[in-house]
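Student: Could you walk me through the backbone and the packing of this one before I set anything up?
Tutor: Gladly; have a look at it first, and then ask away.

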Amino acid sequence: MKKQTIIALFFAGILATACQTKTEEATAPLTPVPFTAVHLHDGFWAPKIETNRTVSIPSAFGKCEETGRMDNFALAGGLIKCEHKGDFPFDDTDVYKVLEGASYTLAVQYDEKLDAYLDSVINLIAAGQEDDGYIYTSLTNQCDRLKGWYGNGRWDRLNSHELYNCGHLYEAAVAHYQATGKRRLLDVAIKNANLINEVFGPGENQKHVPSGHPIVEMALVKLYRVTNDEKYLKLARYFIDETGKGTDGHKLSEYSQDHKPIAEQDEAVGHAVRLGYLYSGVTDVASLLHDQALMEATKRVWENVVSKKLYITGGIGSRAQGEGFGPNYELPNMTGYCETCAAISNVYWNYRLFLNEHDAKYYDVLERALYNGVISGVSLSGDKFFYDNPLESVHNHDRAPWFGCACCPGNITRFMASVPGYVYTTDENSIYVNLFAAGDAKIQLETDTIAVSQQTRYPWEGRVDIKIEKSKSTKFNLKVRVPGWAQNQPVPSDLYHFTDQNSEKIGLKINGKNEKFSIEKGYISLNKKWKKGDVVSLNFPMPVRKIAANENVTNNHGKLAYQRGPLVYCFEDKDNNNGFMFDNFAGVEENVAAEFDGQLLGGVVKLKLKGSKVVLQNDKKVAEPAELIAIPYYAWNNRGKANMLVWLPENETTTVAKPAQSVTDSAEIKASTDYYTGINDGFDPKNSGDTDKSYFYWWQKKGSDEWIEYNFKTPVNISQASVYWLNMDHYDGNYRVPESWTLEIKDSKGNWKPVETADAFSTAIDQYNTMKFKPITTTSIRLNAKLQKDASGGILEWKLK
């Protein structure tokens, strides 16, 4: 089969087809236009895609080699002798993901060396596969230190990530096959999928459990598309149907969206990446099998996300604990997790829903995530990555070349290469223009090939020229998306709103003549007999818009976010005199100027406005004039660690004056857990559930004796401690004040001794618990806490005097 045919077949059905009900006529599926048919040469996406090809992918492969991920396959295949490397059994997927991204780049721009390198990697993977098709190197290599993950053998534990690994294998295999026509990795995937089909299913001797960590569902659909073997589609459906049943007695859990059957779910809960992958698979299966109950479930959960749990950057997942969702409207800023992988999964999910519903509201969410929450995950240089993407920072967040749990770098490499595939889609007689980027495309429409080009400087400018380079002899419909932000709606819900209504009109011309138009489901439809050389010119006004959050989002009361076009902006100290940033404000009435700066961060439009800065004088806030500059959110932290915020106070009340110097500022912090941050950042909590700013918690510790300590470089004299306790509900375990606590200091001989005090060690919530003790000079002070039974604990702020 020719390579072009393989690609066309795959992308024609890569995602969902339309949903059909008994009472409604089926809607024809939209067909993706493969990324191989779209060639971008703009100044925004093309450089990023090239950086991904030349920097990110080689860097990620290098890290896979350096950290032993490649060796693990060689060890499993008996090619080398060594110890299994890595801390996680899902390290295998990092190889699969980067291989998938490399395959995409190979399909667009052939590289003989890369082709040969991928063959060598695939040979290692194939060697690591056991005779019956099983592939999971940590178990094959009998790595005992990872038994906590995989238990006593194959398929022993739901959260082993065995099926998650399989899913990423299938995705890589399909990508490599469509890029090269080679079957080596595809055969590995098929052999494994056949084994999975024997092990899991409704039969009496099969295992009756969901996948644990979803992605295998959507991957099985891709495998079905390529092989036309229905057993893979049925297996995907089986894993979805088993969710929330507890058939084999496994514990039901919100963490894996396994708390109730899919058809009964109506709220986004648990691990955010898992949810995005799961509901992408649900949408696929519901479409192919015309299951209205599943389709309604995926749309219900989507509505919950978009109306109550979506960040203005398109990120999802508010909590570090469990990397997941919190309650409705809980959208903290500095502690907002917004994992890069979750933003990518949000794109996958919205794309599938769009293909089914033909409604631009899904693309509005997709575009918001794409331009903000996804590309913020990688540095402009392409070799450093964010795992989480908070909306605030006090020099406490930085990109890294790699992570122990390295899911995000690999995910970035595979996603960035596929971006051109999101620009166009088609139906029987229509071309949908979904995104705007300068480039050329050859689009199959029935038996004709239509050549289309775009000229635009989007997202910096709103002018878009769409030119018909080659047409057909009959009419066809050109449908152009009008972004929600251009229609005075930042998101398709009341979660956010612009503070004013922009009265500037969207302009539409055909061959230079003004045209009247209407908008239906977010698209302008232009149905006519097009000829070569016809040009559709659109102009989307791009004033700077100020955004306010729904009043239920308490963390953003009295604050505004700034947006221009699809881009959300942030205020970074590097552009603002290295300031504290949280002491600045600007009123809603302030004018904002937009200015392109070709020398800044690879060339960006920056925003300039007049505001104010508060300083403390006699313990009172006093406002002084300030000039403020904002940059696109995706570009922050490319000049080192920074103070940064997205939501700028609109009045003095919601500012935070720069904290006075504290004895703890330069202290080293240690704790009985690996995670210790936020206890001395100078932000006073509003209450014990105020997790908007960084805070400390004893993760996954319950009823135990724990500690945290300050260590000083030189002896300090202290006589008072104030502790603000964390009190928060969480599906994976609640956080409560401790049963009891004490303070100890280290004496000159290095021994820990209790402080001398007559004060009580109080545990009141919603206030500082202050105790005075006999002044002591020391180099270390330790807080010991006895956690309540069946509860963890944490500290929002710990001050010393």
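**Strands, helix 14 and unusual backbone**

Tutor: Let us begin with one pair of residues in this predicted model: G507 stands opposite N539, which belongs to strand 15.

Student: Which strand pairs with strand 15 there, and over how many bridges?
Tutor: Strand 11, residues 507–510, pairs with strand 15, residues 535–539, in the antiparallel sense, and the pairing runs over four bridges.

Student: And what sheet are they in?
Tutor: Both belong to an open sheet of seven strands, ordered 2-6-7-8-15-11-12, with antiparallel pairing. Its edges are strand 2 (38–40) and strand 12 (513–514), each of which pairs on one side only.

Student: Switching to helices, is helix 14 buried or exposed?
Tutor: Of its 18 residues, 18 are buried, so helix 14 is largely enclosed by the rest of the structure. From first C-alpha to last, helix 14 reaches 26 Å, which is close to the 26 Å expected at 1.5 Å a residue.

Student: What follows helix 14?
Tutor: H358 follows helix 14, and the phi of H358 is positive, near 60°.

Student: Back inside the helix, what does N346 touch?
Tutor: N346, which is located in helix 14, touches L310, G314, I316, V365 and A369 when residues up to four places away in sequence are not counted. The side chain of N346 also reaches the backbone oxygen of G314 at 3.2 Å. With a relative accessibility of 1%, N346 counts as buried, because the cut-off for that class is under 20%.

Student: Which residue in the loop just before helix 14 has a positive phi?
Tutor: E323 does, with a phi near 50° although E323 is a residue other than glycine, and its loop runs between helix 13 (292–309) and helix 14 (340–357). Its relative accessibility is 19%, so E323 counts as buried, given that the limit is under 20%.

Student: What about H395, then, where is that?
Tutor: H395 sits in the loop between strand 3 (392–394) and helix 16 (407–416), and its phi is also positive, about 55°, although H395 is not a glycine. At 39% relative accessibility, H395 counts as partly exposed.

Student: Why flag these angles at all?
Tutor: Because most residues other than glycine have a negative phi, and most peptide bonds are trans.

Student: Where is there a cis peptide bond?
Tutor: One joins Y458 and P459, with omega about 10°. P459 lies in the loop between strand 7 (448–456) and strand 8 (463–470), and strands 7 and 8 are both in the seven-stranded sheet we discussed above.

Definitions and conventions:
Residues numbered from 1 in each chain as written. Predicted model: local features only at pLDDT ≥ 70, side-chain atom pairs only at ≥ 80, totals over all residues. Heavy atoms only, no water. Helix = DSSP H or I, 4+ residues; strand = E, 2+ residues; numbered from the N terminus. Buried < 20%, exposed > 50% of the residue type's maximum accessible area, 1.4 Å probe, protein only. Pairing = 2+ DSSP bridges. Expected span 1.5 Å × (residues − 1). Polar contact = N/O pair within 3.5 Å; in protein donor to acceptor, adjacent residues only side chain to side chain. Contact = heavy atoms within 4.5 Å.
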